[in-house]
Amino acid sequence: AETPPSPFTVTISADGKIDVNGQMVGAEAVGRLVAEKLETQPDLQAIVAADEKVPHGEVVTVIDNLRQ
């Protein structure tokens, strides 16, 4: 039986810190990390969670970085 792929989880805290799968990163690193993961997991699914205090624009920027 195949093990299901692990999701790519991005969490943005109230103070704007970005956590990818438990690792604190800068916004610019999100795209690079997802690209590396896509090499071995082409059907990768990303989950983005943000604190309600995070400005909408910051969340959109992170999502845009995921799509690149």
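Visitor: What do the buried residues of H2 pack against?

Guide: In this predicted model, the buried residues of H2 pack against strand S1 (8-12), strand S2 (18-20), helix H1 (27-40) and strand S4 (46-50). The criterion for such contact is heavy atoms within 4.5 Å.

Visitor: Which residues of H2 are called buried, and what makes them so?

Guide: Val59, Val62, Asn65 and Leu66 are the buried residues of H2. The term requires a relative accessible area under 20%, so these four residues of H2 fall below that limit.

Visitor: How do you know where on the helix the buried residues of H2 lie?

Guide: Viewed down the axis of H2, its buried residues fall within an arc of 120°, and therefore they line one face of the helix. On the other side of H2, His56 and Arg67 are exposed; that word is reserved for values over 50%.

Visitor: How do you know that the length of H2 agrees with its number of residues?

Guide: Helix H2 comprises 12 residues, 56-67, which at 1.5 Å a residue should span 16 Å. The expected span is 1.5 Å times one less than the number of residues. The end C-alpha atoms of H2 are 17 Å apart, so the two values agree.

Visitor: Which residues of H1 are buried, and against what do they pack?

Guide: Ala29, Val30, Gly31, Leu33 and Val34 are the buried residues of H1. They pack against S1, S2, strand S3 (23-25) and H2.

Visitor: What makes the side chains of S1 alternate?

Guide: Phe8, Val10 and Ile12 point to one face of S1 and are buried, whereas Thr9 and Thr11 point to the other and are not.

Visitor: How do you know that S1 pairs with S4 and with S2?

Guide: Pairing requires at least two bridges. S1 and S4, which run parallel, are joined by 5 bridges, and S1 and S2 pair in the antiparallel sense over 3 bridges. Both pairs therefore satisfy the criterion. Thr11 stands opposite Ala49 in S4, while Ile12 has Ile18 of S2 as its bridge partner. S1 and S2 form a hairpin with 5 residues between them, and Gly16 in the turn has a positive phi of about 90°.

Visitor: Why is Asn21 called partly exposed?

Guide: Its relative accessibility is 41%. Buried residues lie under 20% and exposed ones over 50%, so Asn21 counts as partly exposed.

Visitor: What is the phi of Asn21, and where is this residue found?

Guide: Asn21 is found in the loop between S2 and S3, and its phi is near 50°, a positive value in a residue other than glycine. Most residues other than glycine have a negative phi.

Note on methods
Residues are numbered from 1 along each chain as its sequence is written. This is a predicted model: local features need pLDDT of at least 70, side-chain atom pairs count only at pLDDT 80 or more; totals for chains, interfaces and linings use all residues. Side-chain values use heavy atoms; hydrogens and water are left out. Helices (H or I, at least four residues) and strands (E, at least two) are DSSP runs, numbered from the N terminus. Buried means under 20% relative accessible area, exposed over 50%, partly exposed in between (1.4 Å probe, protein chains only). The arc is that of the directions from the helix axis to the C-beta atoms.
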